[in-house]
Amino acid sequence: MEITQILFWFLSVLAVFGALMMVTSKNPVYSVLWLIVVFFAISGHYILLNAQFLAIVNIIVYAGAIMVLFLFVIMLMNLNAETEPQKNKWLKIAGVVAGCSLMLVFVAALRQSDELLKAPVSMGGETGLIKTLGKTLFTDYVLPFEISSVLFLSAMVGAVVIGKKGD
Amino acid sequence: MLELFFLQSNPASTVAKAVNDSSNYFPIGIQILFAVGFVAVMMVLTHLLGPKRPTAQKLENFESGIEIHGNARQPMAVKYFLVAILFVLFDVEVIFFYPYAVNFKELGWSGFVAVLMFVGFFLCGFYYIIKKGALTWED
């Protein structure tokens with residue numbers, strides 16, 4: 001086996017194992033820690049795909065910032081064992097139905113992958129590099145880039161309006 | 001089939017290979033492996049080698065010599081969450097600077113204007129946050 005393939009299988013196993021542990025662990029703080037493992041494994045996959053910008057962004061934004069948010073959410077809740085909310089039976093059934101629907105969508109999407117593999121679009125190994133991405137972002141996609149800043153502005157206003165209820 | 005996805009092993013892309021290849025990340029991988037391995041080995045070794053004579057006093061949580069009272073699992077103030085959300089937004093703003101910095105000279109004035117507008121929108125948001133007093137800690 002090539003070293004890339006060994007890395008690929010190692011990272012895949014790590015990601016799936018981390019995701020399973022995240023879902024099944026009882027303590028929400030452990031769930032967050034396992035989620036960080038999943039993020040790092042996915043970043044490794046990005047590097048294998050030569051999408052280095054995505055890998056770094058995934059670590060900085062998701063493992064760095066979004067995880068802090070998750071931890072704050074966990075700390076905002078009351079975590080004493082006796083106040084653990086009892087799960088509704090109908091809620092569980094709804095969760096199973098929703099999960100199965102998502103699975104169905106994934107399987108349906110994967111079934112088409114054979115046709116897509118027949119005509120692969122190879123753009124060389126430098127598609128995901130920061131230089132290429134920046135060139136495309138600031139020439140062809142300037143307008144969506146500016147619109148995203150409006151989106152951030154609205155997110156800021158929303159956070160302040162919701163979080164600052166007093167006045 | 002897998003070779004299709006690993007673009008860096010694609011023989012067509014020999015140009016990029018010299019400068020920016022995934023194999024450049026090999027030292028970083030070694031470093032992460034070493035860091036994690038060092039921590040894990042140290043923790044396991046101290047657990048195995050250190051003597052354990054637990055007493056009730058030793059097993060207490062250490063709080064600078066003050067006796068423990070209350071519960072650590074209190075719900076926190078929502079103020080922390082607001083600061084964290086604003087941090088995430090400005091963090092994402094910084095992310096967009098990396099591709100611009102790499103292409104700074106090639107993009108010229110048009111890129112500069114685009115980034116200036118982007119930062120301008122963020123400054124509007126920042127002004128709003130400051131004016132609303134979202135970052136003042138004391139109410």
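The following dialogue examines helices, burial and domains in a predicted model with chains A and B.

User: How do you know that the length of helix α3 of chain A agrees with its number of residues?

Analyst: Helix α3 of chain A covers residues 52-76, which is 25 residues. At 1.5 Å a residue the expected span is 36 Å, and the end C-alpha atoms are 35 Å apart, so the two values agree.

User: What makes Met67(A) a point of note in α3(A)?

Analyst: A kink of about 30° in α3(A) is centred on Met67(A). The bend is the angle between axes fitted to the seven residues ending at a residue and the seven starting there. The value of about 30° for α3(A) therefore describes the angle between two such axes at Met67(A).

User: Why are Gln52(A) and Phe53(A) called buried?

Analyst: A residue is called buried if 20 or more other C-beta atoms lie within 10 Å of its own. Gln52(A) and Phe53(A) are classed as buried, so each meets that cut-off. Ala55(A), Val57(A) and Asn58(A) in α3(A) are buried as well.

User: Which helices do the buried residues of α3(A) pack against?

Analyst: In chain A the partners are α2 (28-48) and α6 (130-139), and chain B contributes α5 (78-102).

User: What makes the side of domain 1 of chain A that touches domain 3 of chain A free of charge in the residue count?

Analyst: Chain A is divided into domain 1 (1-79), domain 2 (87-116) and domain 3 (127-167). The centres of domain 1 and domain 3 of chain A, taken over C-alpha atoms, are separated by 24 Å. Their contact takes six residues from domain 1 and four residues from domain 3. On the domain 1 side, four residues are nonpolar, two are polar and none is charged. Asp, Glu, Lys and Arg count as charged, so none of these occurs on that side.

User: How do you know that the annotated span 28-49 of chain B is helical in the model?

Analyst: The unreviewed UniProt entry gives "transmembrane region" for residues 28-49, 80-101 and 107-130 of chain B. In the model, residues 28-49 of chain B are 100% helix and 0% strand, with end C-alpha atoms 31 Å apart. Residues 80-101 of chain B are likewise 100% helix and 0% strand, and their end C-alpha atoms lie 32 Å apart.

User: What does the model show for residues 30-49 of chain A?

Analyst: UniProt, again in an unreviewed entry, lists this span among the transmembrane regions of chain A. Residues 30-49 of chain A are 95% helix and 0% strand, and the end C-alpha atoms are 29 Å apart.

User: How many helices and strands does chain B have?

Analyst: Chain B has six helices and zero strands.

Key
Residues are numbered from 1 along each chain as its sequence is written. Chains are lettered from A and ligands numbered from 1 in the order in which they are written. This is a predicted model: local features need pLDDT of at least 70, side-chain atom pairs count only at pLDDT 80 or more; totals for chains, interfaces and linings use all residues. UniProt positions are given in the numbering used here, feature names are shortened, and annotations may be inferred rather than shown by experiment. Helices (H or I, at least four residues) and strands (E, at least two) are DSSP runs, numbered from the N terminus. The expected span of a helix is 1.5 Å times one less than its number of residues. A residue is buried if 20 or more other C-beta atoms lie within 10 Å of its own, exposed if 12 or fewer, and partly exposed in between; C-beta atoms are placed from the backbone. Two residues are in contact if their C-beta atoms, placed from the backbone, lie within 7 Å. Domain bounds come from an automatic or database domain assignment.
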